[in-house]
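Me: I have a structure open and would like to know how its labels were earned. Could you walk me through the reasoning behind them?

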Amino acid sequence: MKINSIRTVAILAVSLFVLLGMAPAAQQDRFTLKALDGVAFSEFKGYDEWQDVAVSRTDTTVKAILGNPAMIRAYKSGIPGNGKPFPDGVKIAKIMWTKKTNPLSPYAVEIPDTLAVIAFIEKDSKRFPDTSGWGYAQFNYDAKSGTFTPYGKDASFGKTYCYGMCHVKVKATDYIFTAYPFR
């Protein structure tokens, strides 16, 4: 009787182990992540439903630049072309994919392939006084593991790289590269 009970428990244990091993891996909750300078992924919930500002491409990526409703209102009011700065509360999300040629198109069209990076920018003059009111975050995506990781080596990434090396060059447009093109 004891041997049958031990055998039954062993079979149940092995079955449970096999079933748990076949269960899909827990998906990362990206909204718990923070960039090294404190900008949190959670501050941008719903970004994937924001309106497009513009698209762009580099040698290796295609990008969609999206704006939250406050950002779109600011653009439509003429900012930054009217000389006014963007108001606090505006946010931009930049979604970058590796690119590939669309095999279905009869002509050359580059389309998104694998997600590579999601970057965020937000205006909060009180929180980010050292970067003219802008906070920056970049999260690299690893398609193999299905996870995001904050980019940079320390908390100065947004200040020294995003702001200091790049966005400071476009001070005249309140530190934003992407214009809102006529549509």
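Below, questions and replies go through the labels one by one.

Me: What kind of model is this, and how many helices and strands are there in the protein?

Reply: It is a predicted model, with 3 helices and 6 strands. Read along the sequence, they come in the pattern α-β-β-α-β-β-β-β-α. Buried residues account for 33% of the 183 residues.

Me: How do you know that β1 and β2 pair?

Reply: Pairing asks for at least two bridges between the strands, and β1 and β2 have 6, running antiparallel. One place to look is glutamine 51, which stands opposite glycine 67 in β2. A hairpin of 3 residues links the two strands.

Me: And what makes β5 and β6 a pair?

Reply: The same test applies: at least two bridges are needed, and β5 (residues 134-142) and β6 share 4, in the antiparallel sense. Phenylalanine 139, for example, has proline 150 in β6 as its bridge partner.

Me: Why are β1 and β6 called edge strands?

Reply: Each of them, β1 (51-57) and β6 (147-150), pairs on one side only. The sheet is open, with 6 strands in the order β1-β2-β3-β4-β5-β6 and antiparallel pairing. From one strand to the next, the twist averages 25°.

Me: Which strands does helix α2 touch as it packs on the sheet?

Reply: Helix α2 (residues 69-76) touches β1, β2 (61-67) and β3 (91-101). The direction of α2 makes about 80° with that of β1.

Me: What makes the link between lysine 99 and glutamate 110 a polar contact?

Reply: The cut-off for a pair of N or O atoms is 3.5 Å, and these side chains are joined at 3.3 Å. That distance meets the cut-off, so the label holds. Lysine 99 sits in strand β3. Leaving out residues up to four places away in sequence, lysine 99 touches several others, including Arg57, Asp59, Val62 and Asp113.

Me: Which residues have the most contacts inside the largest nonpolar core?

Reply: Tyr75, Phe86, Trp134 and Ile176 do, in a core of 20 residues. β1, α2, β5 and α3 (157-166) each supply at least two of its residues, and α2 gives the most, with 4. Tryptophan 134 is in contact with Phe86 and Ile176, and also with Val90, Ile121 and Phe128, among others, neighbours within four places in sequence being left aside. There is also a second, separate core of 17 residues, with Val39, Phe44, Leu66 and Phe139 among them.

Me: How do you know that cysteine 162 and cysteine 166 are not joined in a disulfide?

Reply: A disulfide needs the two sulfur atoms within 2.5 Å. The sulfur of cysteine 166 is 6.9 Å from that of cysteine 162, its closest cysteine sulfur, so the two are too far apart for a bond. The search of the whole structure agrees, finding 0 disulfides.

Me: Why is cysteine 162 called buried, while cysteine 166 is called partly exposed?

Reply: Buried means under 20% relative accessible area, and partly exposed lies between that and 50%. Cysteine 162 has 11%, so it counts as buried. Cysteine 166 has 26%, so it counts as partly exposed.

Me: What is the omega of the peptide bond that joins isoleucine 79 and proline 80?

Reply: Omega is about 5°, and this is a cis peptide bond. Proline 80 lies in the loop between α2 and β3.

Me: What is the phi of serine 132, and is this residue buried or partly exposed?

Reply: Serine 132 has a positive phi of about 55°, although it is not a glycine. Its place is in the loop between β4 (110-123) and β5. With 26% relative accessibility, above the 20% limit for buried and below 50%, serine 132 is therefore partly exposed.

Me: What makes tyrosine 175 a buried residue?

Reply: Its relative accessible area is 8%, which is under 20%, so tyrosine 175 is buried. Tyrosine 175 is found in the segment after α3. Its phi is positive too, near 70°, in a residue other than glycine.

Definitions and conventions: Residues numbered from 1 in each chain as written. Heavy atoms only, no water. Axes fitted to C-alpha atoms, helices over the stretch in contact; angles between N-to-C directions. Contact = heavy atoms within 4.5 Å. Polar contact = N/O pair within 3.5 Å; in protein donor to acceptor, adjacent residues only side chain to side chain. Core = buried A, V, L, I, M, F, W, Y, C linked by side-chain atoms within 4.5 Å. Buried < 20%, exposed > 50% of the residue type's maximum accessible area, 1.4 Å probe, protein only.
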